[in-house]
Amino acid sequence: MNITNEIITGYIESLYVGTSPELEELRCFAEEKRVPIILKDTEGLLLSLLKIKKPERLLEIGAAIGYSSCCFANACGCNVTTIEADEKTYETAVNNIKNLGFDDKVNVLYGDARKVLEEMAATVDETGLYDVVFIDAAKSHYKAFWDLALPLCKNDALIICDNVLMKGMTASDEYDPNRKYKTSIRRMREFINYISNLGYADTCVLPVGDGVSISVIDKA
Ligand code: SAH
Ligand code: MG
């Protein structure tokens, strides 16, 4: 189910204007092949936030085929590091990013983000810290991604997470009548509780797309 009223979502989607014909083509390709890229309304929200925040460096967890990372680089000229665990998907992302001309801005790393982030943290210096982190990978590992990405964040970073409402299931068991997703629902609820009660972060959850959380970090 959509987490918002279908008529309203349909109306908002009808307003969508893609950022470039090439990116629109990649979006169509992803939708056709059922690659779970950011939804149109989520894209609108994120690009607005990036234009306000003006990040220099953005870290993405979950590249898929490179769609969102190219959109981010395109929106604000930021450097993007993105991580992808699936080898074939990683290769597709590398190719797409090159073909779209973003290979000077977007760097794709291959591997499980939990391992890659650990390696990054071991060698990072101040110039390697990120202004924005976008978490959009395996939902049951969001807490691990958060904890591992935090040391890579600047003091005033934004951490944005996609799909946190999980088609409504995070809000109510009613949306998972056969209890098929019981464990991932529990883990997502624990994660949302965790990030909502941290002293160093202010978090809000928005019913946009499949649910987006925005956390403003204040480590100072
Ligand atoms: N951000 C992309 C969509 C990402 S879909 C976009 O909007 O265009 C989620 C991706 O995360 C999938 O391609 C999946 O292979 C990858 N993924 C899942 N678990 C991961 C992990 N532990 N580390 C890195 N990537 C992971
Ligand atoms: Mg997503």
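Student: What makes the span of helix α3 (residues 40-53) close to the expected one?

Tutor: This is a predicted model, and in it α3 has 14 residues and reaches 20 Å from its first C-alpha to its last. The expected span is 1.5 Å times one less than the number of residues, which comes to 20 Å here, so the two are close.

Student: Which residues of α3 are called buried, and why that word?

Tutor: They are D41, T42, E43, L45, L46, L47, L49 and L50. The word applies because buried means under 20% relative accessible area. Right after α3 comes K54, whose phi is positive, near 50°.

Student: Why is R34 called exposed?

Tutor: Its relative accessible area is 75%, and exposed means over 50%, so R34 earns the label. You'll find R34 in the loop between α2 (21-32) and α3. Phi of R34 is near 55°, a positive value in a residue other than glycine.

Student: And why is R179 called partly exposed?

Tutor: R179 has a relative accessible area of 43%. Partly exposed sits between the 20% and 50% cut-offs, so that's the class R179 gets. R179 lies in the loop between β5 (153-162) and α8, and has a positive phi of about 55° although it isn't a glycine.

Student: What about E6, buried or exposed?

Tutor: Exposed: E6 has a relative accessible area of 62%, and the cut-off is over 50%. E6 is found in helix α1 (residues 6-14). Its C-alpha is separated by 36 Å from that of D218, 212 residues apart along the chain.

Student: How do you know that α7 (residues 142-149) and α8 (residues 182-196) meet?

Tutor: Contact means heavy atoms within 4.5 Å, and Y142, K143, W146 and D147 in α7 meet M188, F191, Y194 and I195 in α8. By class, that contact has six nonpolar, no polar and two charged residues. The two axes come within 9 Å and cross at roughly 35°.

Student: Zooming out, how many helices and strands does the protein have?

Tutor: Eight helices and seven strands.

Student: What makes the protein as compact as a globular protein of its length?

Tutor: Its radius of gyration is 17 Å, and the globule rule gives 17 Å for 220 residues, so the protein counts as that compact. The C-alpha atoms fill a box of roughly 45 × 40 × 35 Å along the principal axes. Buried residues make up 46% of the 220.

Methods: Residues numbered from 1 in each chain as written. Chains lettered and ligands numbered in written order. Predicted model: local features only at pLDDT ≥ 70, side-chain atom pairs only at ≥ 80, totals over all residues. Heavy atoms only, no water. Axes fitted to C-alpha atoms, helices over the stretch in contact; angles between N-to-C directions. Helix = DSSP H or I, 4+ residues; strand = E, 2+ residues; numbered from the N terminus. Nonpolar A, V, L, I, M, F, W, Y, C, P; charged D, E, K, R; others polar. Rg over C-alpha atoms; globule rule 2.2 N^0.38 Å. Buried < 20%, exposed > 50% of the residue type's maximum accessible area, 1.4 Å probe, protein only.
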